[in-house]
Amino acid sequence: MAASNVVVKRGGEQFRGVFSDVFQVTATVDFASAAADGGAGSDTITVPGVALGDVVVARSLGISQGGVALDAYVSAANTVTVLVNNNTASAVNLASTTVKVVVAKYATI
């Protein structure tokens with residue numbers, strides 16, 4: 001079944017005033033094998049200028065995720081952690097790939 005009542009907005013105007021700075025990051029990652037049923041793998045990316053409280057608003061891998069969930073968050077000053085969580089019935093070892101993340105700093109209200 002296809003989605004209905006879809007609204008798409010393109011461009012930066014919907015974020016005007018929400019974020020004070022945005023970081024577009026591309027890096028190569030090679031996660032360790034993630035065990036079945038909840039096993040996880042992670043990698044860190046050094047991103048000068050990001051801080052706790054900043055938000056990762058987008059993330060993607062350059063390969064199929066193979067049933068593995070992808071998450072990313074600012075884990076410390078200048079550091080973004082990218083995490084894969086395997087919810088499948090067998091171990092998953094993703095190939096080395098490019099990860100893209102967008103990190104934003106909320107504007108002061």
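**Exercise 1. Determine how many residues the largest nonpolar core has and which of them have the most contacts inside it.**

Solution. In this predicted model, the largest nonpolar core has 22 residues. Within this core, the residues with the most contacts are Val 80, Val 82, Val 99 and Val 103. Next, consider the elements involved: β1, β3, β4, β5 and β6 each give two or more residues to this core. As general background, nonpolar side chains tend to be buried together in soluble globular proteins.

**Exercise 2. State which residues Val 80 touches, not counting residues up to four places away in sequence.**

Solution. Contact here requires heavy atoms within 4.5 Å. By this criterion, Val 80 touches Asp 43, Thr 44, Ile 45, Val 47, Val 50 and Val 56. Val 80 also touches Ala 72, Tyr 73, Val 74, Ser 75 and Val 103.

**Exercise 3. Describe how strands β4 and β5 pair and what lies between them.**

Solution. Begin with the limits of the strands: β4 covers residues 68-76 and β5 covers residues 79-86. The two strands pair in the antiparallel sense, over eight bridges. One position illustrates the pairing: Ala 69 stands opposite Asn 85 in β5. Turning to the connection, β4 and β5 form a hairpin with two residues between them. Asn 78, in the turn, has a positive phi of about 65 degrees.

**Exercise 4. Give the order of the strands in the open sheet of three strands, and identify the edge strands.**

Solution. The order is β1-β6-β3, and the pairing is antiparallel. The edge strands are β1 (19-29) and β3 (55-61), each of which pairs on one side only. On average, neighbouring strands of this sheet are turned by 15 degrees against each other, direction ignored. For β1 and β6 (residues 97-106), the antiparallel pairing extends over ten bridges. Within this pairing, Val 99 in β6 is the bridge partner of Ala 27. Val 99 is also among the residues with the most contacts inside the largest nonpolar core.

**Exercise 5. Identify the aromatic pair and explain why it ties together parts that are apart in sequence.**

Solution. The structure holds one aromatic pair. Its members are Phe 19 and Tyr 106, 5.4 Å apart centre to centre. The angle between the planes is 40 degrees, and the pair is tilted. Phe 19 lies in strand β1 and Tyr 106 in strand β6, so the pair ties together parts that are 87 residues apart in sequence.

**Exercise 6. State where confidence is lowest and where it is highest in the protein chain.**

Solution. The protein chain averages a pLDDT of 87, and 87% of the residues score at least 70. Confidence is lowest in strand β2 (residues 39-46), at a mean of 87, and highest in β4, at 95.

Notes. Residues numbered from 1 in each chain as written. Predicted model: local features only at pLDDT ≥ 70, side-chain atom pairs only at ≥ 80, totals over all residues. Heavy atoms only, no water. Pairing = 2+ DSSP bridges. Helix = DSSP H or I, 4+ residues; strand = E, 2+ residues; numbered from the N terminus. Axes fitted to C-alpha atoms, helices over the stretch in contact; angles between N-to-C directions. pLDDT = per-residue confidence, 0-100. Core = buried A, V, L, I, M, F, W, Y, C linked by side-chain atoms within 4.5 Å. Buried < 20%, exposed > 50% of the residue type's maximum accessible area, 1.4 Å probe, protein only. Phe/Tyr/Trp six-rings, centres within 6.5 Å; stacked < 30°, edge-to-face > 60°.
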